[in-house]
Amino acid sequence: MEPLIEGKNSLLHVPDSNWLYAVGRLKPGVSIGALQDKMSGSLRQFLAAQPNYSRNGGSTIIPKQHVVIVPGGAGIQNLQKQTGKGLYLLMTISGLVLLVACANVANLLLARGQHAGPIHRFGLRWVRREAD
């Protein structure tokens, strides 16, 4: 569907694009290289079976598509690099908005306290009864 919408700007035509991130666990004893080759072959078969990819020039690019398997202990590194600055900016702006909101609430509470009437103070006195 993506090549149909994007046409020549499809991610399929950009050699350095990473357009699918899958996370999974590897069975003990399975070779990463063999699994990578098997998954790359399955990916190529899947893409070749999609008519939208073939119609938009994907048949020449599909053989170049491959799967890269890397350890995922720290998460998806490329995704973190691509979105890190934007998320940091979003977090900074959210913090500033929260700071302004807290300052406004504090200002409203101070203003309310100044214009309120006299403060009534209550005290409690404990009365001790003597036993009869």
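What is the mean pLDDT of the protein chain, and what share of its residues reach 70 or more? In this predicted model, the mean pLDDT is 79, and 75% of the residues reach 70 or more. Confidence varies among the elements of the chain, and the table gives the two extremes.

| Element | Residues | Mean pLDDT |
|---|---|---|
| Helix H1 (lowest) | residues 2-6 | 67 |
| Helix H5 (highest) | residues 77-115 | 88 |

The fold contains five helices and zero strands, so that its pattern along the sequence reads α-α-α-α-α. Among contacts between residues at least 6 apart in sequence, 58% join residues at least 24 apart.

Of the 132 residues of the protein chain, 11% count as buried. The chain exposes about 12000 Å², and carbon and sulfur atoms supply 62% of that area.

The largest nonpolar core has five residues, namely Leu43, Leu47, Tyr53, Ile62 and Val67. In soluble globular proteins, nonpolar side chains tend to be buried together. Leaving aside residues up to four places away in sequence, Val67 touches Gln36, Met39, Ser40 and Leu43. Leu43, one of these, is also a member of the core.

A nonpolar patch lies on the surface as well: Leu26, Val30 and Ile32 form a patch of about 220 Å². Leu26 is located in the loop between H1 and helix H2 (32-49). Is Leu26 buried or partly exposed? With a relative accessible area of 37%, Leu26 is partly exposed, because partly exposed covers values between the buried limit of under 20% and the exposed limit of over 50%.

Terms used: Residues are numbered from 1 along each chain as its sequence is written. This is a predicted model: local features need pLDDT of at least 70, side-chain atom pairs count only at pLDDT 80 or more; totals for chains, interfaces and linings use all residues. Side-chain values use heavy atoms; hydrogens and water are left out. A nonpolar core is a set of buried Ala, Val, Leu, Ile, Met, Phe, Trp, Tyr and Cys residues joined through side-chain atoms within 4.5 Å. Buried means under 20% relative accessible area, exposed over 50%, partly exposed in between (1.4 Å probe, protein chains only). Contact means heavy atoms within 4.5 Å. Helices (H or I, at least four residues) and strands (E, at least two) are DSSP runs, numbered from the N terminus. Accessible areas come from the Shrake-Rupley method with a 1.4 Å probe; for residues, only the protein chains shown count as cover. pLDDT is the predictor's confidence in each residue, from 0 to 100. Patches are made of residues with over 30% relative accessible area and no salt bridge: like charges are joined within 9 Å, nonpolar side chains (Val, Leu, Ile, Met, Phe, Trp, Tyr) within 5 Å. A salt bridge is a side-chain nitrogen of Lys or Arg within 4 Å of a carboxyl oxygen of Asp or Glu.
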